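Welcome to this tour. Please open the structure in your viewer and keep the selection tool at hand.

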Amino acid sequence: MNAMKQIRIEKLTLNFGAGANQDNLKKGMKLLKNLTGIEPIKTISDKRIPSWSVRPGLPVGCKITLRGQKANDLLIRLLKAKENKLLPNHFDDRGNVSFGIHEYIDVPDLTYDTSIGIIGFQVSITLKRPGFRIKERKKLKRKIGKSHLITQKDSIDFFKNTFKISVEEEQWPHQIQIKC
């Protein structure tokens, strides 16, 4: 295979949204620190949403970004929490992947903490190929050609081959066939 077509993980981002509730934010920060061993950063609101009690400058969540081998090792654990199954709607048209972990106790090697309770978080994975730097560099920025972009199918194939996951079609209640 062409070396320029090899897909790799650029970064793994863990997000926790707390809204205006600062107690939940403290729990989320403790959860992400327990999961990765790294201190998360707070995300700050820049909009006013009165119905949610959110104002500019208010911390509304936290996040951690991992790269390299740490990202790969943690991703294996997070996929085990999802039983190595993802849905097609977890993959966007640019090949990036996002899914939620509803209860952090599903993650292997993570035990229940009474000060945190039962909460979940969001996982986002950004993929790239060699040559993607041309769209981010300072001088002579260029667009990436269509044939070099990562498609949803490319991303699904990468995850199937690298992490041995299965991608299943979601069954809606009206699609389930009952045999009598």
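**A salt bridge to begin with**

Select aspartate 154 and arginine 129: their side chains meet in a salt bridge, at 3.4 Å from N to O. This pair links distant parts of the chain, with aspartate 154 in helix H3 and arginine 129 in the loop between E6 and H3, 25 residues apart. Colour the two by accessibility, and you will find aspartate 154 partly exposed, at 24% relative accessible area. Arginine 129 counts as buried, with a relative accessibility of 5%. Keep in mind as you look around that this is a predicted model.

**Isoleucine 7**

Next, select isoleucine 7, in the segment before strand E1 (8–17). Is this residue buried or exposed? Isoleucine 7 is buried, because its relative accessible area of 15% falls under the 20% cut-off. Leaving aside residues up to four places away in sequence, isoleucine 7 touches Leu127, Lys128, Arg129, Ile150, Asp154 and Phe158. Both partners of the salt bridge you have just seen, Arg129 and Asp154, are among them. Now add proline 130: its C-alpha atom is 7.8 Å from that of isoleucine 7, although their positions lie 123 residues apart along the chain.

**Along helix H3**

Go back to helix H3 and pick lysine 153 and aspartate 157. They form a salt bridge too, with the closest N and O atoms 3.0 Å apart. Both residues lie in helix H3, four residues apart, which is about one turn of the helix. Lysine 153 counts as exposed at 57% relative accessibility, while aspartate 157, at 28%, counts as partly exposed.

**A step back to the whole chain**

Zoom out and switch to a cartoon view. The protein chain has three helices and seven strands, and along the sequence they follow the pattern β-α-β-β-α-β-β-β-α-β. The C-alpha trace spans about 65 × 50 × 35 Å along its principal axes. Of the 180 residues in the chain, 34% are buried. If you look at contacts between residues at least 6 apart in sequence, 63% of them join residues at least 24 apart.

Colour by pLDDT next. The mean for the chain is 88, and 94% of its residues reach 70 or more. Among the elements, E6 has the highest mean pLDDT, 95, and strand E7 (residues 166–167) the lowest, 88.

**From helix H1 to a distant loop**

How many salt bridges does a search of the whole structure find? The search finds five. One more to visit is that of lysine 30 with aspartate 113, whose closest N and O atoms are 3.4 Å apart. Lysine 30 is in helix H1 and aspartate 113 in the loop between E5 and E6, 83 residues apart, so this pair also links distant parts of the chain. Lysine 30 is partly exposed, with a relative accessible area of 36%.

Stay in the loop between strand E5 (97–101) and strand E6 (121–128) and select tyrosine 112. Tyrosine 112 is partly exposed, at 46% relative accessible area. Add Ile105 and Ile118, and you have a nonpolar patch on the surface, with about 270 Å² of accessible area for the three together.

**Leucine 32 and serine 45**

Back in helix H1 (residues 22–36), pick leucine 32. Leucine 32 is buried, at 0% relative accessibility. Its contacts beyond four places in sequence include Leu14, Phe16, Cys62 and Ile64. Between the C-alpha atoms of leucine 32 and isoleucine 118 the separation is 13 Å.

Now move to serine 45, in the loop between strand E2 (41–44) and strand E3 (59–66). Serine 45 counts as buried, at 11% relative accessibility. Its side chain reaches the backbone oxygen of lysine 47 at 2.9 Å. Among the residues it touches are Val54, Pro56 and Val60.

**Last stop: two backbone angles**

Most residues other than glycine have a negative phi. Select glutamate 83, in the loop between helix H2 (68–81) and strand E4 (85–86): its phi is positive, about 60°, although it is not a glycine. Glutamate 83 is exposed, at 59% relative accessibility. Then pick lysine 164, in the loop between helix H3 (152–163) and E7. Lysine 164 has a positive phi as well, near 55°, and is exposed, with a relative accessible area of 60%.

Notes. Residues are numbered from 1 along each chain as its sequence is written. This is a predicted model: local features need pLDDT of at least 70, side-chain atom pairs count only at pLDDT 80 or more; totals for chains, interfaces and linings use all residues. Side-chain values use heavy atoms; hydrogens and water are left out. Patches are made of residues with over 30% relative accessible area and no salt bridge: like charges are joined within 9 Å, nonpolar side chains (Val, Leu, Ile, Met, Phe, Trp, Tyr) within 5 Å. Accessible areas come from the Shrake-Rupley method with a 1.4 Å probe; for residues, only the protein chains shown count as cover. A salt bridge is a side-chain nitrogen of Lys or Arg within 4 Å of a carboxyl oxygen of Asp or Glu. Helices (H or I, at least four residues) and strands (E, at least two) are DSSP runs, numbered from the N terminus. Buried means under 20% relative accessible area, exposed over 50%, partly exposed in between (1.4 Å probe, protein chains only). pLDDT is the predictor's confidence in each residue, from 0 to 100. A polar contact is a pair of N or O atoms within 3.5 Å; within protein, one must be able to donate a hydrogen and the other to accept it, and residues adjacent in sequence count only if both atoms are side-chain atoms. Contact means heavy atoms within 4.5 Å.
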